[in-house]
Amino acid sequence: LSVATAFEPLVDLKGEHLNVAKISDNGKKQRKNWTSMWTVLTTDELLLYKDKQETGVKPGGKTDVVQLCGAVIEWAAEKSSKKNVFQITTNTGSEYLIQADSFPTASKWHEAIRKTVDSSTRD
Ligand code: I3S
């Protein structure tokens with residue numbers, strides 16, 4: 001690892017619509033309910049907004065915040081009949097399924113979130 005790459009900032013993915021189903025809230029099982037969410041990756045969180053418009057409006061207007069420090073991310077084909085599904089399990093036991101019909105899109109988010117999990121867990 002070169003010095004340059006070691007200090008490269010993490011990619012903050014610009015927002016994109018992804019399908020999200022929260023299937024567990026802090027260990028409590030939730031009924032699966034797929035929703036299209038405007039998804040934004042920061043250096044240590046995945047922000048889920050109901051609408052793209054919400055991002056600019058009010059601070060605290062986030063619909064949900066997925067803490068990535070100590071989270072686990074894995075592909076989860078067996079959890080859905082949909083394709084390209086991966087799961088994020090937070091360190092408090094919340095579980096989110098994330099899906100996009102486009103494999104490149106799902107793969108790009110999976111990879112970026114995985115890197116964020118790795119780096120925020122290492123810090
Ligand atoms: O894992 P499940 O229970 O088969 O998930 C399906 C259900 O949540 C279904 O809603 P109902 O609560 O009305 O059964 C959803 O409409 C489906 O999308 C879920 O399955 P997929 O395979 O799409 O994740």
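**Figure 1. Strands β3 and β4 are antiparallel and are joined by four bridges.** In this predicted model, the two strands form a hairpin, with three residues between them. β3 covers residues 35–41 and β4 covers residues 45–49. T39 has L48 as its bridge partner in β4. On β3 there is also pairing with β1: these two strands run antiparallel over five bridges. T39 takes part here too, as the bridge partner of E16. T39 can therefore be followed from E16 to L48 when the view is read across the strands, because bridges are what define pairing between strands.

**Figure 2. The protein contains three helices and eight strands.** Starting at the N terminus, the order of elements is α-β-β-β-β-α-β-β-β-β-α. The protein has 123 residues, and buried residues make up 25% of them. Among contacts with a separation of 6 or more, 42% are between residues 24 or more positions apart. The mean pLDDT is 88, and 85% of the residues reach 70 or more. The scores of the model are ipTM 0.88 and pTM 0.86.

**Figure 3. The largest nonpolar core is made of 21 residues.** Which residues have the most contacts inside this core? They are I88, I98 and I113. At least two core residues come from each of β1 (16–25), β3, β4, β7 (85–89), β8 (95–99) and α3 (103–122). The element that gives the most is α3, with four residues. A closer look at I98 shows contacts with L18, V20, F86, I88 and W109, when residues up to four places away in sequence are not counted.

**Figure 4. G15 sits in the loop between α1 (3–6) and β1.** This glycine is partly exposed, because 15 other C-beta atoms lie within 10 Å. Leaving out residues up to four places away in sequence, G15 touches W38, T39, V40, K52 and T55. A77 is 62 residues from G15 along the chain, and the C-alpha atoms of the two are separated by 24 Å.

**Figure 5. N26, in the loop between β1 and β2 (28–29), has a positive phi.** The angle is about 50°, although N26 is not a glycine. Most residues other than glycine have a negative phi. Is N26 buried or exposed? N26 is exposed, because 9 other C-beta atoms lie within 10 Å and a count of 12 or fewer is classed as exposed.

**Figure 6. N84 is found in the loop between β6 (72–75) and β7.** Phi of N84 is near 60°, which is a positive value in a residue other than glycine. N84 has 21 other C-beta atoms within 10 Å and is therefore buried, since the cut-off for a buried residue is 20 or more. N26, by comparison, is exposed.

**Figure 7. Q30 belongs to the loop between β2 and β3.** With 13 C-beta neighbours inside 10 Å, Q30 counts as partly exposed. Apart from its neighbours within four places in sequence, Q30 is in contact with K22, I23, S24 and D25. S94 is 64 residues from Q30 in sequence, and the C-alpha to C-alpha distance between them is 9.6 Å.

**Figure 8. Q53 is placed in the loop between β4 and α2 (54–57).** How many other C-beta atoms lie within 10 Å of Q53? There are 10, so Q53 is exposed. W38 is 15 residues from Q53 in sequence and 9.0 Å from Q53 in space, C-alpha to C-alpha. W38 is also one of the residues that G15 touches.

**Figure 9. The ligand is surrounded by R31, K32, W34, S80, S81 and K82.** This shell divides into three charged residues, two polar residues and one nonpolar residue. The charged ones are R31, K32 and K82, because Arg and Lys count as charged. The polar ones are S80 and S81, and W34 is nonpolar, because Trp counts as nonpolar and residues outside the nonpolar and charged groups count as polar.

Notes:
Residues numbered from 1 in each chain as written. Predicted model: local features only at pLDDT ≥ 70, side-chain atom pairs only at ≥ 80, totals over all residues. Near = placed C-beta within 6 Å. pLDDT = per-residue confidence, 0-100. Contact = placed C-beta atoms within 7 Å. Core = buried A, V, L, I, M, F, W, Y, C linked by C-beta atoms within 7 Å.
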